[in-house]
Amino acid sequence: MAGGATAAPPLPERLGPGPRRRARGPGAQEEHLLCSVPAAQTLARVIRPCYGPHGRQKLLVTARGTTVFTGSAAAILRALELEHPAARLLREAAHTQAESCGDGAAFVVLLAEALLQQAEHLLRAGLARSQLREAYAAATAEVLALLPSLSIRSLGPLEDPFWALYSVMNTHSASQMDYLTKLVAHACWATKELDGSFHRERVGVCTLRGGRLEDSCLLPGMALSAKPCGQVISVLHGARVALFVCAFGPASPNAPATARLSSSADLTKFRKGSEQLIEKQVAQLVTACINVAVVWGNIDENTLTLADKYGIMVIQARSRRDMVYLSEVLGTPLMPYLIPPLKPGKCQRVYQQDLGEGVAVVFEWECPGTPALTIALRGATAEGLKSAEQAAYHGIDAYFQLCQDPRLLPGAGATEMALAKILSEKGSRLEGLNGPAFLAFAQALQSLPETLAENAGLVVSEVMAEMKGAHQAGNLLVGVGVEGIINVTQEGVWDTLVAKAQGLRAVADVALQLVNVDEIVVAKKSPMCQQDSNPVPKKAKECLSPVKKSNPWNN
């Protein structure tokens, strides 16, 4: 590194000679000391091109035959069919990061892969696994202790969050990001509590096909991308809502009948009994004053006719996420059976809202402090709407983190480079085993801004040289931009402290677990699963087969 600390001696000289290994042939392939490294490299190779604001998209075809077009690392990991246990462990850590902080799945995968590669270098240099774990744990503690000192700006309690959310949402390829960020910032600000707390479920996102993203708007209350199923399309006063995660009708309409019917009179009585049961269930809803039923399941036509008769508005939800949001906002449980809840949800009115070609159902309140708002996103294609929806949810999650801790870190790889600089300087001065581990951790952190530069189409060596020189000179606000290095404060590129700290903890946990694995043992399937215990000749099997495939060429 230029200037400052002197270069550290090579790791083998510092650690001493390691255990002697058997000589390998000239054409033999070198085995990995860490069996999880190849899986981590393969997974990172898939995720790396999607990292950062200039990352590329993936067009994936899942095992079910569905096509996924996305640049989100979390969505890519969900679509992959993974068999290697180390890859599954990495995916689990990335999913945990994405669920808790909304973003950072690619950060976890790429940094964990870089740490495992550096760990293998340390093992080849002679460091024991137990010593490596202790040194990595010390380096992680040092990084987490240094992280708050790099925060140079905070979101004020009365400040517009637009500038803080823009860089978080701009990591996804959605057009008109300025307008979308304004919608998200306004929705988050309007639903913030007086005590400064913020509940993510108070801001919903509804996607409607048709129109442009500029046609998106905010709807009061909670809106679902759905439409009423029956003749009742609105409840304008005193709506009482029940949420059902079951079929709206008989519990199991396709179940085999076990009743013994000996005459046509018994059949008529059996049918009337089923109809009476359905009428009783709907009557229970009427007795409980339920006039809006939101269903995540099949809707029976006869039951829907009864609901129309009693003036019950029936809405079929499209996703469980919508049901969970309604349950949180309305304060009513999700019912697994067609019975009224003890505490139904209450709102002022429920009605159908036409937005161009799309139709939404709005649950609206009329009070000074609106408890919920919905961002109605418009778009011409399903993939464009999905990208905009992901960006909106990441902005909502980022505002939730800022309400917990308003501190912000420099983005665009500036924080990673600053941490790498500090760790390198400290590692070159440390005696013992922690020094090489600090240097290895610093090298892994530097791989993240290198990936940003590579995805931006820049010359990585030149950008990294300029960036290292700036950080060595004390300018810790230099990051990677579209044309080279940038000042992150001038460009407004920020990361939340909560998400970055959580990501580093997740990376450290999964790396320390995988470092301690020396072998992966896969239990083979029993031979009984592959061949019958009493084998039957092939010709006999063909004769016993109830269905014989026909040859079209013999017709």
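Confidence in this predicted model varies along the chain. The lowest value falls in helix 1 (residues 11-15), with a mean pLDDT of 41. The highest, 92, belongs to strand 16 (residues 407-410). Over the chain the mean pLDDT is 80. A value of 70 or more is reached by 82% of the residues.

Two stretches fall under 50. In residues 1-29 the pLDDT stays under 50, and the model has 37 contacts for this stretch beyond four places in sequence. Residues 529-555 also have pLDDT below 50. Beyond near neighbours in sequence, residues 529-555 have four contacts in the model.

Nonpolar packing was examined next. In soluble globular proteins, nonpolar side chains tend to be buried together. The largest nonpolar core holds 80 residues. Within this core, F107, L111, L115, L132, Y136 and F441 touch the most other members. Helix 5 (residues 105-124) supplies the largest share of the core, with 14 residues. L115 illustrates the packing at residue level. Outside its neighbours within four places in sequence, L115 contacts Y136, F441, A444, V507 and A511. Two of these partners, Y136 and F441, are themselves named among the residues that touch the most other core members. A second core, separate from the largest, comprises 56 residues. Its members include V168, V205, L385 and W494.

Cysteines were then searched for pairing. The whole structure contains zero disulfides. C188 is in no disulfide, and the nearest cysteine sulfur, that of C403, lies 7.9 Å away. A disulfide would require the two sulfur atoms to be within 2.5 Å, so C188 and C403 do not qualify as a pair. C188 counts as buried because its relative accessibility is 0%. C289, by contrast, counts as partly exposed, at 45% relative accessibility.

Backbone geometry singles out C289 again. Its phi is near 65°, a positive value in a residue other than glycine. C289 sits in the loop between helix 9 (264-287) and strand 9 (292-295). A412 also has a positive phi, near 60°, and is likewise a residue other than glycine. The place of A412 is the loop between strand 16 and helix 13 (414-429). Strand 16, which precedes this loop, is the element with the highest confidence in the chain. A412 has a relative accessible area of 14% and is therefore buried, the cut-off being under 20%. C289, at 45%, lies between the cut-offs of 20% and 50% and so is partly exposed.

Technical notes
Residues are numbered from 1 along each chain as its sequence is written. Side-chain values use heavy atoms; hydrogens and water are left out. A nonpolar core is a set of buried Ala, Val, Leu, Ile, Met, Phe, Trp, Tyr and Cys residues joined through side-chain atoms within 4.5 Å. Buried means under 20% relative accessible area, exposed over 50%, partly exposed in between (1.4 Å probe, protein chains only). Helices (H or I, at least four residues) and strands (E, at least two) are DSSP runs, numbered from the N terminus. Contact means heavy atoms within 4.5 Å. pLDDT is the predictor's confidence in each residue, from 0 to 100.
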